[in-house]
Amino acid sequence: MINLCFLSGKVKNEIDFKFIYNAKTKRLSKKHTSIVLIDLEIDKEQVVKAYAYDKTADWIYQNIDKDEVIYISGRMRDVKVEIFEILY
């Protein structure tokens with residue numbers, strides 16, 4: 001099964017950059033070290049939650065601002081979109 005989506009919309013929140021910390025091992029996660037969370041308004045009343053890890057998260061944090069229109073590619077994970085790439 002192919003799980004690939006392309007979305008465009010306006011960023012509705014301040015970009016929130018976080019480090020992923022494992023409380024059990026008292027260190028950063030082995031799989032991913034950082035994450036950003038985005039609320040992407042794709043229609044007037046439709047908001048999609050999206051997130052990105054590591055290098056993509058860092059790039060988003062440095063280059064994307066609130067109320068900016070972005071184009072993303074990613075995949076659906078539960079009820080959120082995991083961002084692979086910003087098609088800026």
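User: What makes the meeting of Glu 82 and Arg 77 a salt bridge?

Analyst: The distance does. A salt bridge needs a side-chain nitrogen of Lys or Arg within 4 Å of a carboxyl oxygen of Asp or Glu. Arg 77 and Glu 82 come to 3.5 Å, N to O, so the pair passes that cut-off. Keep in mind that this is a predicted model, where local features need pLDDT of at least 70 and side-chain atom pairs count only at pLDDT 80 or more, while totals for chains, interfaces and linings use all residues. Numbering runs from 1 along each chain as its sequence is written, and side-chain values use heavy atoms, with hydrogens and water left out.

User: Is Glu 82 called buried or exposed, and how do you know?

Analyst: The labels come from relative accessible area: buried is under 20%, exposed over 50%, and partly exposed in between (1.4 Å probe, protein chains only). Glu 82 has 11%, so it counts as buried. Its partner Arg 77 is at 38%, hence partly exposed. The two also belong to a network of salt bridges together with Arg 75.

User: How many salt bridges does the rule give in total?

Analyst: Five. One of them joins Lys 12 to Glu 41, with the closest N and O atoms 3.9 Å apart, so it still falls within the limit for a salt bridge.

User: Why can you say that the pair of Lys 12 and Glu 41 ties together separate parts?

Analyst: Look at where the ends sit. Lys 12 is in the loop between β1 and β2 (16-19), Glu 41 is in strand β5, and the two parts are 29 residues apart in sequence. Strands here are DSSP runs of E with at least two residues, helices are runs of H or I with at least four, and both are numbered from the N terminus. Lys 12 itself is partly exposed at 34%.

User: What elements does the protein chain have under those DSSP rules?

Analyst: One helix and eight strands, in the order β-β-β-β-β-β-α-β-β.

User: Why is the pair of Phe 17 and Phe 19 called edge-to-face?

Analyst: Rings of Phe, Tyr and Trp (its six-membered ring) pair if their centres lie within 6.5 Å; planes under 30 degrees apart are stacked, over 60 edge-to-face, and the rest tilted. Phe 17 and Phe 19 have ring centres 5.4 Å apart and planes at 85 degrees, so edge-to-face is the label. Tyr 51 and Tyr 53 get that label too, with 5.4 Å between centres and 75 degrees between planes. The structure holds three aromatic pairs, and Phe 17, Phe 19 and Tyr 61 form one aromatic cluster.

User: How do you know whether Tyr 51 is buried or exposed?

Analyst: At 9% relative accessible area, Tyr 51 is buried. Tyr 51 lies in strand β6. Not counting residues up to four places away in sequence, Tyr 51 is in contact (heavy atoms within 4.5 Å) with several residues, including Ile 35, Leu 37, Arg 77, Glu 82 and Ile 83. Tyr 53, by comparison with the cut-offs, is partly exposed at 23%.

User: What makes a nonpolar core, and which residues in the largest one touch the most other members?

Analyst: A core is a set of buried Ala, Val, Leu, Ile, Met, Phe, Trp, Tyr and Cys residues joined through side-chain atoms within 4.5 Å. In the largest, which has 18 residues, Ile 38, Ile 60, Ile 72 and Ile 83 touch the most other members. Two or more residues come from each of β1, β5 (34-43), β6 (46-53), α1 (54-63), β7 (69-77) and β8 (80-86).

User: And what makes a nonpolar patch, and which residues form the one on the surface?

Analyst: Patch residues have over 30% relative accessible area and no salt bridge; nonpolar side chains (Val, Leu, Ile, Met, Phe, Trp, Tyr) are joined within 5 Å, like charges within 9 Å. Here the members are Ile 2, Leu 4, Phe 6, Val 69, Tyr 71, Phe 84 and Leu 87, with about 740 Å² accessible together (Shrake-Rupley method, 1.4 Å probe, only the protein chains shown counting as cover). Ile 2 sits in the segment before β1 (5-11) and is exposed at 80%.

User: What makes the phi of Asp 78 worth a look?

Analyst: Most residues other than glycine have a negative phi. Asp 78 isn't a glycine, yet its phi is positive, about 60 degrees. Asp 78 is in the loop between β7 and β8 and is exposed, at 79%. Asp 54 also has a positive phi, about 50 degrees, but its place is in helix α1.
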